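Biologist: I should like to learn how to read the features of a structural model. May we go through them one by one?

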Amino acid sequence: MKREHLLILFIVAALVAWPLVMGNYAVSQANRAMIYALAALSFSLLAGRLGWFSLCQTTFAGISGYTIAILGVRFGLPFPVVVLLALLFTTLSAFIFGLLTVRSRKVSFLMLTLALGQMVWALSFQWVDVTGGYNGIAGGRMPVYGGVDLNDTRVFYVLVTTVTVAIFLAVWRLYGSPFGLLLLGIQENEQRMRALGHPVYLARFTAFVLAGAIAGVAGVFLVYDMGIMSPSPLGLGHAVWVLTAAVLGGYRSLLGPAIGVAVLIALETLVSQYTDRHMMVIGLVLLLSILLMPRGLAEMFEQHFKRKSKPQASVTTTTRGEEP
């Protein structure tokens, strides 16, 4: 069995065992970690495969969350319809944003996504009649099916875990597909890919929309996890938090975003017990990680295990006059 398959089995086994051995608080923190891992994965899909650093992935999550809050809470539409419409509207938003940003370069792309994200954030504050302004929209709850309350922490964990694992596996397959290799080729040498006849702009646009859709799934779970949708998740602070998690874990690897999110949430939980200035500690951690581990925790672990798995070369020494 390949090492990747063993790693997948280990992760799945750990996720299955987590709610069996941990309390409700730890399970709820795991729910939060997986939601933000999806948002960080959407960031890493663009950063790791195209070299694009997007600051609007949390914006797509917020758009999805507001769609659910408005249609589900205020208009009372059924749960499956609301979720489907939220994902469709988020994908449409990513489509529109992609048309505006896909031809830009690295710094220009970063600034455009920042501007678009801040526009949506300001709209969520100022369109009080629809979004509720600063107070947001409260009351987002999942339904009860067959006597099973999807709002229960452990039931919600099963749902979030299933979807998160499925999306990570799908992205893993995408990274190894011809499309994933094309994205890497575009990052390495865009002119050569274009000269070979590859649809460069279409591939970049498709990746952007796909990343937006993944962030939309995170937004669906986010609003039901919090029970309220406010402008806060659309703010720049959340966007930078996701970027920090991806860089800390290693945005070039598949599991890097999840590792970074888990480390940040663990740090927040630990440091917040002693001081309210936990963001200062997180900033220091990011600074040290960039200086000491520029490729992230995931790739550092991977290189360590590769060195461990290499067989030690046997060295035979011979003395003068002896048979080798």
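Biologist: Which backbone atom lies 3.2 Å from a polar atom of the side chain of Arg 204?

Modeller: The model is predicted. A polar contact pairs N or O atoms within 3.5 Å. In this case the partner of the Arg 204 side chain is the backbone oxygen of Ser 104.

Biologist: Is Arg 204 buried or exposed?

Modeller: Buried means under 20% relative accessible area. Arg 204 has 3% relative accessibility, so this residue counts as buried.

Biologist: Which residues does Arg 204 touch, not counting those up to four places away in sequence?

Modeller: Arg 204 touches Leu 50, Trp 52, Ile 186 and Glu 190, together with Val 102, Arg 103, Ser 104 and Arg 105.

Biologist: In which helix is Arg 204 found, and what does UniProt list for this part of the chain?

Modeller: Arg 204 belongs to helix α10, residues 200-226. The unreviewed UniProt entry lists several spans as "transmembrane region", including 83-102 and 201-224. Residues 201-224 are 100% helix, with end C-alpha atoms 35 Å apart. For residues 83-102 the helix content is 95%, and 27 Å separates the end C-alpha atoms. Neither 201-224 nor 83-102 contains strand.

Biologist: Is Leu 20 buried or exposed, and which surface patch does Leu 20 help to make?

Modeller: Exposed means over 50% relative accessible area. Leu 20, in helix α1 (residues 3-21), counts as exposed because its relative accessibility is 69%. Together with Val 12, Val 16, Trp 18, Val 21 and Met 22, Leu 20 makes a nonpolar surface patch of about 570 Å².

Key. Residues numbered from 1 in each chain as written. Predicted model: local features only at pLDDT ≥ 70, side-chain atom pairs only at ≥ 80, totals over all residues. Heavy atoms only, no water. Helix = DSSP H or I, 4+ residues; strand = E, 2+ residues; numbered from the N terminus. Buried < 20%, exposed > 50% of the residue type's maximum accessible area, 1.4 Å probe, protein only. Polar contact = N/O pair within 3.5 Å; in protein donor to acceptor, adjacent residues only side chain to side chain. Contact = heavy atoms within 4.5 Å. Patch = residues over 30% accessible without salt bridge, like charges linked within 9 Å, V, L, I, M, F, W, Y side chains within 5 Å. Areas by Shrake-Rupley, 256 points an atom, 1.4 Å probe, with all protein chains shown as cover. Salt bridge = Lys/Arg side-chain N within 4 Å of Asp/Glu carboxyl O. UniProt positions renumbered as here; feature names shortened; annotations may be inferred.
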